[in-house]
Amino acid sequence: MRRSVPRWVLFSSVCAPIVLVGGWAISAVLQGPEYDPASRTISILGTKGADGYWVMTSALIALGACHVITACGLRSAAFPGRVALGGGGAAAMMLVLFPAPSSGGSLDHGAVVTVGFSLLAMWPVLAVRRRASGRGGVSEQRPEAVPLDRSAPWGLRPGPSLMASGLMWLGGGWFLMALFVHDTAGAAERVLTFAQSFWPLVVVVSCVRQTARDEEPERA
């Protein structure tokens with residue numbers, strides 16, 4: 001059965017990377033030339049007292065809301081993946097409640113960041129769609145015993161999903177190395193967070209294209 005993607009889901013997935021990049025870019029400008037985006041993390045822009053505090057915190061709230069909205073409407077994805085995406089969005093919004101300190105580390109902030117990153121890194125794999133079976137379209141078998149849906153949109157197939165998740169975990173390793181070994185934590189974090197904010201859009205677009213292809217025989 002064809003599953004359409006609401007227009008508001010396309011809108012929320014487009015807005016996610018835009019508000020993230022716009023937030024850190026404007027906040028960095030407000031912070032002044034002493035802020036080096038290549039070596040200093042995004043979290044510094046959201047510390048209380050920072051010149052771009054309200055811009056960065058607003059961007060995090062908007063980013064999290066976009067992920068939650070996308071998760072609610074992305075019916076083509078498997079339910080565990082939608083939960084993980086929504087949880088990652090909630091974690092982004094919770095960063096406002098646990099901002100990074102102006103100096104030193106914060107266990108609460110680090111824990112929220114870790115949970116958010118992990119959920120957003122796992123959701124591509126968890127969202128891979130399996131063929132429904134049994135009455136009411138709900139599988140009565142164990143999840144690992146249910147065959148994959150070969151007609152699923154490209155972004156919800158095992159290959160692309162595993163690749164996206166794997167690259168995100170590699171990006172997490174790069175960020176940790178950059179944070180403790182090299183002085184490029186800001187650059188690594190920006191690449192990683194952009195990738196995680198952009199992948200939902202890739203999935204949504206693939207669902208829209210799949211729906212359009214499914215409708216072609218009906219129109220003919």
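**An all-helical chain and its nonpolar patch**

Ile18 counts as exposed, because its relative accessibility is 54% and the threshold for that class is over 50%. The residue is found in helix H1. The model described here is predicted. Ile18 belongs to a nonpolar surface patch of about 350 Å². Leu10, Val14, Val205 and Val208 make up the rest of this patch. Two helices each supply at least two of the patch residues: H1, residues 7-31, and H6, residues 185-219. The greatest contribution comes from H1, with three residues.

The protein chain contains six helices and zero strands. Its pattern along the sequence is α-α-α-α-α-α. The chain has 220 residues, of which 44% count as buried.

Three of the helices were compared with their expected spans. Helix H3 covers residues 79-94 and has 16 residues. From its first C-alpha to its last, H3 reaches 22 Å, close to the expected 22 Å at 1.5 Å a residue. Helix H4 runs over residues 107-126, a stretch of 20 residues. Its end C-alpha atoms are 28 Å apart, which agrees with the 28 Å that H4 should span at 1.5 Å a residue. Helix H5 occupies residues 158-180. H5 has 23 residues, and its first and last C-alpha atoms lie 33 Å apart. This is close to the 33 Å expected for H5 at 1.5 Å a residue.

Buried positions were listed for the same helices. In H3 they include the glycines Gly81, Gly86, Gly88 and Gly89. Ala84, Ala91 and Ala92 of H3 are buried as well. So are Arg82 and Leu85. In H4, the buried residues include Val112, Phe117, Leu120 and Trp123. Gly116, Ala121 and Pro124 are also buried in H4, as are His109 and Ser118. In H5, burial extends to Pro160, Met168 and Phe175. Ser161 and Ser165 are buried there too. Ala164, Gly171, Gly172 and Ala178 are further buried residues of H5.

The N-terminal end of H4 is capped by Ser106. A side-chain oxygen of Ser106 lies 3.3 Å from the backbone nitrogen of His109. His109 is itself among the buried residues of H4.

A search of the whole structure returned zero disulfides. Cys15 is in no disulfide, and its nearest cysteine sulfur, that of Cys66, is 5.1 Å away. For Cys66, the closest cysteine sulfur is in Cys15, and the 5.1 Å between them is too far for a bond. A disulfide would require the two sulfur atoms to be within 2.5 Å. Both cysteines are buried. Cys15 has a relative accessible area of 18% and is therefore buried. Cys66 counts as buried because its relative accessibility is 9%.

Several C-alpha pairs bring together residues that are far apart along the chain. Thr184 sits in the loop between H5 and H6. With 33% relative accessibility, Thr184 counts as partly exposed. Its C-alpha atom is 7.5 Å from that of Arg40, although 144 residues separate the two along the chain. Thr41 is placed in the loop between H1 and H2. At 15% relative accessibility, Thr41 counts as buried. The C-alpha atoms of Thr41 and Ala187 are 8.0 Å apart, at a sequence separation of 146 residues.

Gly73 is found in helix H2, which spans residues 53-73. Gly73 is buried, with a relative accessible area of 0%. Pro6 lies 67 residues from Gly73 along the chain, yet their C-alpha atoms are separated by 6.7 Å.

Thr211 is found in helix H6. It is buried, with a relative accessible area of 10%. The C-alpha atoms of Thr211 and Val5 are separated by 8.1 Å, across 206 residues of chain. The side chain of Thr211 also reaches the backbone oxygen of Cys207, at 2.9 Å.

Note on methods
Residues are numbered from 1 along each chain as its sequence is written. This is a predicted model: local features need pLDDT of at least 70, side-chain atom pairs count only at pLDDT 80 or more; totals for chains, interfaces and linings use all residues. Side-chain values use heavy atoms; hydrogens and water are left out. Patches are made of residues with over 30% relative accessible area and no salt bridge: like charges are joined within 9 Å, nonpolar side chains (Val, Leu, Ile, Met, Phe, Trp, Tyr) within 5 Å. Accessible areas come from the Shrake-Rupley method with a 1.4 Å probe; for residues, only the protein chains shown count as cover. A salt bridge is a side-chain nitrogen of Lys or Arg within 4 Å of a carboxyl oxygen of Asp or Glu. Helices (H or I, at least four residues) and strands (E, at least two) are DSSP runs, numbered from the N terminus. Buried means under 20% relative accessible area, exposed over 50%, partly exposed in between (1.4 Å probe, protein chains only). The expected span of a helix is 1.5 Å times one less than its number of residues. A polar contact is a pair of N or O atoms within 3.5 Å; within protein, one must be able to donate a hydrogen and the other to accept it, and residues adjacent in sequence count only if both atoms are side-chain atoms.
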